[in-house]
Amino acid sequence: MTQRFHCTACGKCCYGQLPLTVNDAFKYADRFPLAMVWTPVRQGGKDFTMVSQLGATIKLANRKELAVLIVPTAYIPPSFPCPALAADNLCGIHTDKPARCRTMPFYPYRDEQFQAELLTPQPGWACDTSESAPLVFADKKIVFREDFDAERQELEDQIPQIRRYADYMLKYTPQLVDSLAKVSLKPKGGQVVTSLSSFLTAIRHPNAQQIAQQQLPVLNGYVEKTASEPSLAEFHCHYLSGAKEMQYLAGQAR
């Protein structure tokens, strides 16, 4: 099987949540409203092994296990554009954009052999997959793979931090296991959202105060943007609580 793909810069994929590497999350703390997004995968799922490798594995009471991706994420409502998306639908930070954007449409959280299905544009997107587009996937392999390999390497390098965070959260918020088990039963899956401040605390990041000072005005900005829209209440509550935690971290003397 071969797949062709060319980005037409329609900007349609630049809306909603954006998964980031740990390095990119800290780098863009002054731009994106950040959260830690936990996505469970049940045993038997095709992504279970890869998610176990890059994330964490949690034992359930019924002797089964959940693999959980734990991803620093630009936590943006689906109807909101990326704050880096310019009026002409081009990326305002194209030359220095996050690893996740450089690798699109491929997704290193998934085995390489399963990447072909990601090359089907979502409804409304204007990706070119015609015969005139470049060949990007053949024989279950990515043809141009530099960005994919670079992002995968970053994800592998950050595994110790992610697992340290998982251990911290499961120790101090054991109810998290029940929340993950519950959302894993949804037909289309689900996610649990925790704060970036808890991650900074768990890994004892040496620049936590500086990162909090960068993140605080961003969260406060999204508090205002989501205040009057009932459908965005979940996002609004996250921004409010996140801003309070960042306010505390920003004021801490080290």
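Here are legends for a handful of close-up views of this predicted model.

**View 1. Tyr 28 and Phe 32, a tilted ring pair.** The whole structure turns up twelve aromatic pairs. One of them joins Tyr 28 and Phe 32, with 5.7 Å from centre to centre and 55 degrees between the planes. Tyr 28 is buried, at a relative accessible area of 5%. Phe 32 is buried too, and its value is 0%.

**View 2. Tyr 107 and Tyr 109, another tilted pair.** Here the ring centres sit 4.9 Å apart and the planes make an angle of 40 degrees. Tyr 107 is partly exposed, with 24% relative accessible area, while Tyr 109 is buried, with 5%. The cut-off for buried is under 20%, so Tyr 107 at 24% doesn't make it.

**View 3. A cluster of rings, with a lysine over one of them.** Tyr 75, Phe 80, Tyr 222, Phe 235 and Tyr 239 are linked into a cluster by ring pairs. Look at Tyr 222 in particular: Lys 225 lies over its face, 4.2 Å from the ring centre.

**View 4. Lys 46 over Phe 114.** This one is a charge sitting over a ring: the charged end of Lys 46 is found 5.2 Å from the centre of the Phe 114 ring.

**View 5. Arg 110 and its surroundings.** Arg 110 belongs to the loop that runs between α3 (99-103) and β6 (135-138). Despite the loop setting, Arg 110 counts as buried, at 13% relative accessibility. Its side chain makes a polar contact of 3.0 Å with the side chain of Glu 117. Setting aside neighbours within four places in sequence, the residues in contact with Arg 110 are Asp 47, Met 50, Gln 115, Glu 117, Leu 118, Phe 148 and Arg 152. Glu 117 thus turns up both as the polar partner and in that contact list.

**View 6. Cys 82 and Cys 91, two cysteines without a bond.** How many disulfides does a search of the whole structure find? Zero. For Cys 82, the closest cysteine sulfur is in Cys 14, and at 6.3 Å it is too far away for a bond. Cys 91 has its closest cysteine sulfur in Cys 101, also 6.3 Å away and too far for a bond. A disulfide needs the two sulfur atoms within 2.5 Å, so neither cysteine qualifies. As for accessibility, Cys 82 is buried, with 15% relative accessible area, whereas Cys 91 is partly exposed, at 32%.

Key
Residues are numbered from 1 along each chain as its sequence is written. This is a predicted model: local features need pLDDT of at least 70, side-chain atom pairs count only at pLDDT 80 or more; totals for chains, interfaces and linings use all residues. Side-chain values use heavy atoms; hydrogens and water are left out. Rings of Phe, Tyr and Trp (its six-membered ring) pair if their centres lie within 6.5 Å; planes under 30 degrees apart count as stacked, over 60 as edge-to-face and the rest as tilted. Buried means under 20% relative accessible area, exposed over 50%, partly exposed in between (1.4 Å probe, protein chains only). A charge sits over a ring if NZ of Lys or CZ of Arg is within 6 Å of the ring centre and within 35 degrees of the ring normal. Helices (H or I, at least four residues) and strands (E, at least two) are DSSP runs, numbered from the N terminus. A polar contact is a pair of N or O atoms within 3.5 Å; within protein, one must be able to donate a hydrogen and the other to accept it, and residues adjacent in sequence count only if both atoms are side-chain atoms. Contact means heavy atoms within 4.5 Å.
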